[in-house]
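Please open the model in a viewer and keep the selection tool at hand. The tour below proceeds by selections, each followed by a description of what is found there.

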Amino acid sequence: MPVPARISTALARITPGLTGSAEIVVGPEHTAPFVGSGRIAVLATPVMINVIEAAALAAVEHLLPPGHQSLGIHLDVSHVAATPVGLRVTATAEVLSVEGRTVTFRVEAHDEFERIGGGTHQRVVVSVERFDERVAHKVRAAR
């Protein structure tokens, strides 16, 4: 399926090398026991993933035309080091490629001492109106 011209023009502005970042200070609400992903009170993997996705958004979302946004469709990351409550976690995302409506990123997360995770992430650019219509159709069909 061809990419609509409006999106295609916007995607031409998203080029390899663009970067974004996001950060949090780990609080009790970011720990594995709080989010239900483990029992040790360190940064939960789902929270690390959230910060990584926020970094990817920071890299490209401002370049999209009105009425469009990107949605995460694939994530392949490792979480290799624990981060205790009180430390800052910074995630970075770098655009590696754009194919059609799909943007691929190299992502990393670090705390104040070391690299805690990283890998790749893909997002697809969508029309919010068309996306909402498809979701509404599912809601109606489920009733």
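Begin by selecting Glu-23 in this predicted model. Its relative accessible area is 46%, and Glu-23 is therefore classed as partly exposed. Add Arg-88 to the selection: Glu-23 and Arg-88 form a salt bridge, in which the closest N and O atoms are 2.8 Å apart. This pair links distant parts of the chain, since Glu-23 belongs to strand β1 and Arg-88 to strand β3, 65 residues apart. Arg-88 is likewise partly exposed, at 35% relative accessibility.

Next, show the two strands that hold this pair. Strand β1 covers residues 19-25 and strand β3 covers residues 88-99; they pair in the antiparallel sense over seven bridges. Within this pairing, select Thr-19, which stands opposite Glu-94 in β3.

Keep Glu-94 selected and turn to the other neighbour of β3. Strand β4, residues 102-110, pairs with β3 in the antiparallel sense over nine bridges. What is the bridge partner of Glu-94 in β4? The partner is Arg-106. The side chains of Glu-94 and Arg-106 also meet in a salt bridge, with 2.9 Å from N to O. Because Glu-94 lies in strand β3 and Arg-106 in strand β4, the pair ties together parts that are twelve residues apart in sequence. Glu-94 has a relative accessible area of 27% and is partly exposed; Arg-106, with 41%, is partly exposed as well. As a general point, side chains of opposite charge can pair when their charged atoms come close.

Select Thr-92 as another position in this pairing: Thr-92 stands opposite Glu-108 in β4. Then follow the chain to the turn. β3 and β4 form a hairpin with two residues between them, and Gly-100 in that turn has a positive phi of about 65°.

Continue to strand β5, residues 115-127. Nine bridges join β4 to β5, and these two strands run antiparallel. β4 and β5 also form a hairpin, with four residues between them. For one position in this pairing, select Phe-105, whose bridge partner in β5 is His-121.

Remain on Phe-105 and display its surroundings. Leaving aside residues up to four places away in sequence, Phe-105 touches Ala-56, Ala-59, Val-60, Ala-93, Glu-94, Val-95, Leu-96, Gly-119, Thr-120, His-121 and Arg-123. Phe-105 also leads to the nonpolar interior. The largest nonpolar core has 29 residues, and those with the most contacts inside it are Ile-14, Leu-43, Val-89, Phe-105 and Ile-116. At least two residues of this core are supplied by each of β1, α3 (45-60), β3, β4 and β5. Which element gives the largest share of this core? Helix α3 does, with eight residues.

From the list of residues touched by Phe-105, now select Arg-123. Is Arg-123 buried or exposed? At 5% relative accessibility, Arg-123 counts as buried, the cut-off for buried being under 20%. Add Glu-53, whose side chain meets that of Arg-123 in a salt bridge (3.1 Å, N to O). Arg-123 lies in strand β5 and Glu-53 in helix α3, so this pair ties together parts that are 70 residues apart in sequence. Glu-53, with a relative accessible area of 25%, is partly exposed. The structure holds four salt bridges.

Move next to the surface and select Phe-131, Val-135 and Val-139. These residues make a nonpolar surface patch of about 210 Å². Val-139 is located in helix α4, residues 128-142, and at 39% relative accessibility counts as partly exposed.

Finally, clear the selection and view the whole chain. There are four helices and five strands, and from the N terminus on the elements run α-β-α-α-β-β-β-β-α. Along its principal axes the C-alpha trace spans about 45 × 45 × 20 Å. Of the 143 residues in the chain, 35% are buried. The chain exposes about 8100 Å², of which carbon and sulfur atoms supply 55%. Among contacts between residues at least 6 apart in sequence, 66% join residues at least 24 apart.

Note on methods:
Residues are numbered from 1 along each chain as its sequence is written. This is a predicted model: local features need pLDDT of at least 70, side-chain atom pairs count only at pLDDT 80 or more; totals for chains, interfaces and linings use all residues. Side-chain values use heavy atoms; hydrogens and water are left out. Two strands pair if DSSP finds at least two bridges between them. A nonpolar core is a set of buried Ala, Val, Leu, Ile, Met, Phe, Trp, Tyr and Cys residues joined through side-chain atoms within 4.5 Å. Buried means under 20% relative accessible area, exposed over 50%, partly exposed in between (1.4 Å probe, protein chains only). Contact means heavy atoms within 4.5 Å. Patches are made of residues with over 30% relative accessible area and no salt bridge: like charges are joined within 9 Å, nonpolar side chains (Val, Leu, Ile, Met, Phe, Trp, Tyr) within 5 Å. Accessible areas come from the Shrake-Rupley method with a 1.4 Å probe; for residues, only the protein chains shown count as cover.
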